Amino acid sequence: MFSSVLIANRGEIALRVARACRELGVRTVMVHSTADRDSPALRLADERVQIGPPPSRRSYLYPPAILEAALRTGVDAIHPGYGFLSEDPDFAEMCEAQGLAFIGPPAQVMGRLGDKAQAREVAAEAGLPVLPGSPRAVDNGLEAKEVAERIGYPVIIKAVAGGGGRGMAVVRAGRDLARAYATTRAAAQATFGDGRVYVERYLESARHVEVQILADRHGNVVSLGERDCSVQRRRQKLIEETPATGLPAGLAERICAAAVRGARACDYVGAGTFEFLVDDRGDFFFIEVNSRIQVEHPVTEMATGIDIVAEQLRVAAGHPLSIRQEDVRPRGVAIECRVNAEDPDRDFLPTAGLVQQFVPPGGPFTRVDTHGAPGVRITADYDSLLAKVIVWAPDREQAIGRMERALDEFQVGGHGIRTTIGFLREVLANSLFRDAKHNTSLVSDVLDLR
């Protein structure tokens with residue numbers, strides 16, 4: 001096992017990684033921007049290094065500053081968390097060149113899967129079902145239109161380097177394609193530094209189901225079960241749960257088997273998530289792989305009792321997984337709600353300000369992963385995620401009831417700050433959600449009912 005790890009992230013995931021390291025007896029170094037100098041996450045670090053000003057590109061997205069901190073503090077490895085440099089194969093190569101372990105998949109694997117068009121090819125070669133679309137990035141608007149007419153509207157134009165629900169545009173008619181192609185390319189270039197896009201059939205109102213996998217360097221791959229992540233706004237998740245209730249019999253098992261097959265096909269190592277869409281006929285289609293720890297990993301931890309971050313650390317250190325497939329026995333139902341500093345009444349516009357009141361929920365089988373506290377300032381420089389509330393119960397009805405109780409307890413206040421807590425309660429009360437008949441349109445349905 002490593003003797004020390006640098007955590008190249010902030011907020012709740014930095015705390016989560018620091019806690020896993022502490023339980024494994026691993027020393028931690030945490031980097032931070034000047035905006036985060038008073039962050040609660042830093043209190044759990046053995047050493048802290050300031051690496052730059054608030055803009056991410058000059059701190060958390062600036063490899064030279066992070067590598068210099070790593071070498072100066074003598075760590076063995078870097079854990080990138082999620083977001084920022086977590087899926088950057090160039091950064092993984094830089095770590096390797098400096099003799100540092102990157103806690104994530106090998107750079108070449110990340111490179112193939114990070115290119116969404118290439119990831120489709122990998123999945124198809126492994127026998128996973130993929131949606132009809134362009135076999136590679138399209139070179140111009142005319143080619144995009146030819147693909148769309150071949151596979152039929154609606155289509156979705158996606159950034160090859162996209163992620164986190166960004167760099168996408170749905171096109172429902174040919175007259176709108178040229179403009180959507182141009183704007184998506186421009187957005188992709190501005191956001192990801194890569195303007196390439198590809199075209200895929202768009203599924204209306206599908207279920208979003210994903211599979212958590214773990215893999216080591218000794219040929220072992222296990223599935224930790226599936227999660228339903230259909231409750232989304234702007235294609236970004238709000239509520240996740242496991243198991244994915246309401247799927248046709250045997251479908252979840254087939255999706256999990258497909259994810260394991262895909263991971264083996266690309267020689268995956270580490271924690272990863274294979275994402276799928278499920279249509280109303282029960283057919284499923286691969287969409288992408290997230291080559292990192294995910295925000296929603298705690299729901300799987302609550303149901304399986306497996307510490308996914310600890311397994312990440314062990315695998316990166318060269319150890320085999322501590323579990324076999326037969327050891328994975330999910331129990332009950334776990335649900336996660338993301339509490340974001342956003343205003344649902346203004347299209348989930350992020351809000352900023354000083355947190356003056358912060359009272360997270362507690363109680364049985366309730367976990368809160370957060371960096372929130374009175375005195376923490378929420379800024380526009382970073383993601384709006386303020387906390388994750390995760391509950392477990394023997395069945396779904398009890399889990400929903402427990403989550404409603406937890407959200408009722410949660411108090412967040414501060415000038416100018418709005419949160420998604422109230423909106424999450426509305427979703428939990430919606431009959432489609434309670435009957436497990438919801439899909440990716442649910443958030444729009446709830447807004448329409450207001």
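Q: In which loop does Pro154 lie?
A: In this predicted model, a cis peptide bond joins Tyr153 and Pro154, with omega at about 0°. To place Pro154, look at the elements on either side of it: Pro154 lies in the loop between helix H6 (141-151) and strand E6 (155-163).

Q: Which residue does the cis peptide bond from Thr242 lead to?
A: Most peptide bonds are trans. The bond that starts at Thr242 is cis, with omega near 0°. The residue it leads to sits in the loop between strand E11 (236-242) and helix H8 (251-265), and that residue is Pro243.

Q: Is Ser205 buried, partly exposed or exposed?
A: Ser205 is found in the loop between strand E8 (197-201) and strand E9 (207-215), and its phi is positive, about 50°, although it is not a glycine. Buried means under 20% relative accessible area and exposed means over 50%. Ser205 has 32% relative accessibility, so it counts as partly exposed.

Q: What is the phi of Phe365, and where does this residue sit?
A: Most residues other than glycine have a negative phi. Phe365 is not a glycine, yet its phi is positive. Its relative accessibility is 49%, so Phe365 counts as partly exposed. Its place is in the loop between strand E18 (357-359) and strand E19 (366-370), and its phi is about 50°.

Q: Why does the protein count as compact as a globular protein of its length?
A: Let's start with the make-up of the fold: the secondary structure comes to 14 helices and 22 strands. For 450 residues the globule rule gives 22 Å, and the protein is close to that, so it is as compact as a globular protein of that length. The C-alpha trace spans about 55 × 50 × 45 Å along its principal axes. The radius of gyration behind this reasoning is 21 Å.

Q: What share of the residues of the protein counts as buried?
A: A residue is buried when its relative accessible area is under 20%. The accessible surface of the protein comes to about 18000 Å², and 48% of it belongs to carbon and sulfur atoms. Of the 450 residues, the buried share is 59%.

Q: What percentage of the contacts between residues at least 6 apart in sequence join residues at least 24 apart?
A: Here a contact means heavy atoms within 4.5 Å. Among the contacts in the protein between residues at least 6 apart in sequence, the share joining residues at least 24 apart is 66%.

Q: How far apart do the centres of the positive and negative side chains lie?
A: The protein has 54 positive and 60 negative side chains. Taking the centre of each set, the distance between the two is 2 Å.

Technical notes:
Residues are numbered from 1 along each chain as its sequence is written. This is a predicted model: local features need pLDDT of at least 70, side-chain atom pairs count only at pLDDT 80 or more; totals for chains, interfaces and linings use all residues. Side-chain values use heavy atoms; hydrogens and water are left out. Helices (H or I, at least four residues) and strands (E, at least two) are DSSP runs, numbered from the N terminus. The radius of gyration is taken over C-alpha atoms; the globule rule is 2.2 Å times the number of residues to the power 0.38. Buried means under 20% relative accessible area, exposed over 50%, partly exposed in between (1.4 Å probe, protein chains only). Accessible areas come from the Shrake-Rupley method with a 1.4 Å probe; for residues, only the protein chains shown count as cover. Lys and Arg count as positive and Asp and Glu as negative; His and the chain ends are not counted. The place of a charge is taken as NZ of Lys, CZ of Arg, CG of Asp or CD of Glu.
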